[in-house]
Amino acid sequence: MAAVSHTEATNLTTPSSNNNNNGIDTNTTTTFSISPVTLQKLPHLKDYIPQQALKTQPNPLEHNPLYHPSQGFYISHSDVVLRHIVFDLSESFPSSASSIAYHRAGPRDRVFFDPSQTRAAIVTCGGLCPGLNTVIRELVVALWDLYGVRQIFGVKAGYRGFYSSEPVELNPNLVHSWHNEGGTVLETSRGGFDLQKIVDGIQDRHFNQVYIIGGDGTMRGAVNIFDEIRRRKLNVSITCIPKTVDNDVGIIDRSFGFQTAVEMAQQAISAAHVEAESAVNGIGLVKLMGRSTGHIALHATLSSRDVDCCLIPEMEFYLEGKGGLFEFLEQRLRENRHAVLVVAEGAGQGMIPRTDAQKEERDESGNPVFLDVGGWLKSELKKWWARNHQNELLTVKYIDPTYMIRAVPANATDRLYCTLLAHSAIHGVMAGYTGFVSGPINGIYAYIPLEEVAQSKNEVNTKDHKWAWVRSVTNQPDFMKV
């Protein structure tokens, strides 16, 4: 991926003394140089559209009666956001290394779209997620009120809607209360990705701004759409707003809907805890979302304090033998007479027996179909107890709140986040950027090349402090066989 390098080193000073502390003195001043900054190139319409075909104008916000841009309001090309902000000053920085930076999100002083000629399309793809309707609403309202765009359309039923149905015209009055509703009013679907038909639909309907809301699979499709638009040299800007309850999108701090999902997961865990406490040798088993990452299970465990064991896809575990799950649960039941077990849907998939047909099964998006790890664990727990504890009671209550969590409206925190994502995306598109994702990096909103985000993954690092906090809360074993 192309990058523009800025080689100025940043000097950090720290007080030091004659007493050495991890290689850094603490009384005198020592200067450290941080490696150069590499600014990731952000795709722009002028990269492939002839300059004479691109007309720019002052940002309409300059004359918006509701706005009075002050000095420093507009973001410049030199405003960047560093991807990594934590450094170990006891280590030396190799001269060949560089710190990655991205363009900061926000309004620019000049725009590449005439609002009166702008036709914007909004589409939601993939599974449901809290906040979808909030993002749609804020895109419509901001395009209308901030930039004066009057031709805004919703594409129905995901990617296939570009070629299988007529778009719905949107305006602020229509979407006024959408943020109070769960799901997506535009409807969604998996699959239906036909590249040529999608881009033909964009071209035939004269859309010149396309806002795609979806997760990692949707973004991989958006990369192909962007490449085809660029190949055809269409004056169309495309952007993705990252959506996944699992929080598995890489680079950005988090994806919208995640905090609502963690909050809702608390209700399931609380119910499981009540059920477990109310039974003799009661086990409350909760399966939470997380196909390839365990962020929801991890954060729900940390915030609950009722969880005895948390199982995630990034961590292997085993059932039988010393140090295994069954031994740990038996100890908890002996001590407390109950236990709560949280498992992410992608955990333990390699341990579940499956037929050859099940091994090959794929969903509409092409993802492997996962078996129900919660149902399998419940069955294995009962078999183990019946085998080792005959004539003793065991109650396993299994709760799967997946679709309850997906379908609820976003909470206050996610609503605010959805608003900022929508506004960031619009500012970037109006400035002529394309093929990008908006999102916070270390709390500052930035524009990231779409291809880079589509290829990244945000997995739980079981060697960092956050997972250590889970272990300290649950006191569960590390499931490493000696």
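The UniProt record, an unreviewed entry, puts a "binding site" feature at Asp216. In this predicted model, Asp216 sits in helix α5, which covers residues 216-231. How accessible is aspartate 216? Its relative accessible area comes out at 25%, so the residue is classed as partly exposed; the cut-off for buried is under 20% and that for exposed is over 50%. Once neighbours within four places in sequence are set aside, Asp216 makes contact with Asp248 and Lys457.

Next up is histidine 179, which belongs to the loop running between α3 (172-175) and α4 (195-204). With a relative accessibility of 19%, His179 counts as buried, because the label applies to anything under 20%. A polar atom of the His179 side chain lies 3.4 Å from the backbone oxygen of His176. Beyond the residues within four places in sequence, the contacts of His179 take in Asn133, Thr134 and Arg137, along with Pro409 and Arg415.

Turning to the nonpolar side of things, the largest nonpolar core holds 138 residues. Which of them touch the most other members? That group consists of Ile122, Phe256, Leu311, Leu325 and Leu377. Leu377 can be followed a little further: leaving out residues up to four places away in sequence, it touches Leu285, Leu311, Leu319, Leu325, Leu341 and Val343. Two of the residues on that contact list, Leu311 and Leu325, are thus also named among the core members that touch the most others.

The backbone deserves a look too. Most residues other than glycine have a negative phi, so positive values are worth picking out in a model like this one. Lysine 233 has a phi near 55°, on the positive side although the residue is not glycine. Lys233 is placed in the loop that links α5 to β13 (237-242); α5 is also the helix that holds Asp216. Is lysine 233 buried or exposed? Its relative accessibility is 53%, so Lys233 counts as exposed, given that the label needs a value over 50%.

Isoleucine 251 also has a positive phi, near 75°, and again the residue is something other than glycine. Ile251 is found in the loop between β13 and α6 (258-277). Here the relative accessible area is 15%, so Ile251 is buried. The two positive-phi residues therefore get opposite labels, with Lys233 exposed and Ile251 buried.

Conventions: Residues numbered from 1 in each chain as written. Predicted model: local features only at pLDDT ≥ 70, side-chain atom pairs only at ≥ 80, totals over all residues. Heavy atoms only, no water. UniProt positions renumbered as here; feature names shortened; annotations may be inferred. Helix = DSSP H or I, 4+ residues; strand = E, 2+ residues; numbered from the N terminus. Buried < 20%, exposed > 50% of the residue type's maximum accessible area, 1.4 Å probe, protein only. Contact = heavy atoms within 4.5 Å. Polar contact = N/O pair within 3.5 Å; in protein donor to acceptor, adjacent residues only side chain to side chain. Core = buried A, V, L, I, M, F, W, Y, C linked by side-chain atoms within 4.5 Å.
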